[in-house]
Amino acid sequence: MPQNSTVYIIDDDASVRDAMAWLLRSRRLLSEAYESAEAFEAARGRAEPAAPGCILLDVRMPGQSGLALFERLSERGIAHAWPVIFLTGHADVPTAVDTVKRGAFDFCEKPFSDNALVDRVEQALAVSRERMAQLAVQRAVRARTHELTERERDVMRLVAGGRPNKLIADELGISVRTVEVHRARVFEKMEVKSAVELANLLQKI
């Protein structure tokens with residue numbers, strides 16, 4: 001497991017936090033523990049994830065509940081980059097099942113099997129790595145599009161839509177030669193060699 005992958009433990013019970021941190025260390029997984037949703041948000045929840053991770057989140061905590069935190073993290077896309085595994089008591093199982101339907105990665109009922117929990121954590125981290133890689137590609141493509149001029153973006157949109165140079169020239173009111181120049185610059189800046197490759201790249205945004 002890459003050393004920059006981190007498991008974020010959010011639970012108001014210190015003994016639970018310590019036990020889970022020890023369990024994760026036994027499988028060579030890094031972790032950070034927080035006693036409340038507010039503490040996690042203050043430290044991590046407002047920054048865009050920069051490395052893979054996952055969140056072990058208690059459903060019921062004093063102050064902001066785990067469910068409320070999950071909603072906030074989902075709204076900001078953090079729960080997508082860092083999959084959330086809920087830790088729940090028997091009475092909270094129906095609620096936890098509902099959160100899975102709304103995008104949580106999984107839930108583990110207390111008392112949980114140590115091995116089963118860590119297996120799910122490792123699976124969540126694998127998902128996070130895939131999603132972080134996709135986000136990195138999206139950011140790179142967006143950065144390239146920001147380097148285009150407004151006219152180059154107009155040409156890019158039409159080229160990606162399969163329009164030939166003559167129709168692009170007619171629609172934009174410019175010469176075919178000018179379209180060819182813009183097209184070449186778009187391909188260079190977007191680092192592609194064909195209209196098909198350009199269209200496929202833009203689908204990743």
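**Ser5 and the surroundings of helix α9**

At 3% relative accessibility, Ser5 counts as buried, because the cut-off for that class is under 20%. I should say at once that this is a predicted model. Ser5 sits in the segment that precedes β1, residues 6-10, and, leaving aside residues up to four places away in sequence, it touches Leu30, Pro52, Leu125 and Arg129.

Let me turn now to helix α9. How far apart are the end C-alpha atoms of α9, and what span should its 15 residues have? The ends are 21 Å apart, and at 1.5 Å a residue the expected span is 21 Å, so the two values agree.

Within α9, the buried residues are Val179, His182, Val186, Phe187 and Met190, and, viewed down the helix axis, they fall within an arc of 140°, which means that they line one face of the helix. An α-helix has 3.6 residues a turn, so residues three or four places apart point the same way. On the other side of α9, Arg177 and Glu188 are exposed. The cover over the buried residues of α9 includes α6 (114-146), α7 (150-160), α8 and α10 (195-202).

Of these neighbours, I will take α8 in more detail. Helix α8, residues 165-172, packs against α9, residues 176-190, at an angle of about 105°, with the axes 8 Å apart, and that angle makes the two helices roughly perpendicular. The contact is made by Asn165, Lys166, Ile168 and Ala169 from α8, together with Val176, Val179, Glu180 and Arg183 from α9; by class, these residues divide into 4 nonpolar, 1 polar and 3 charged.

Finally, just after α9, Glu191 takes a positive phi of about 60°.

Terms used:
Residues are numbered from 1 along each chain as its sequence is written. This is a predicted model: local features need pLDDT of at least 70, side-chain atom pairs count only at pLDDT 80 or more; totals for chains, interfaces and linings use all residues. Side-chain values use heavy atoms; hydrogens and water are left out. Helices (H or I, at least four residues) and strands (E, at least two) are DSSP runs, numbered from the N terminus. Buried means under 20% relative accessible area, exposed over 50%, partly exposed in between (1.4 Å probe, protein chains only). Contact means heavy atoms within 4.5 Å. Axes are lines fitted to C-alpha atoms, for helices over the stretch in contact, and angles run from 0 to 180 degrees between N-to-C directions. Angles under 35 degrees count as roughly parallel, over 145 as roughly antiparallel, 65 to 115 as roughly perpendicular and the rest as oblique. Ala, Val, Leu, Ile, Met, Phe, Trp, Tyr, Cys and Pro count as nonpolar, Asp, Glu, Lys and Arg as charged, and the others, Gly among them, as polar. The expected span of a helix is 1.5 Å times one less than its number of residues. The arc is that of the directions from the helix axis to the C-beta atoms.
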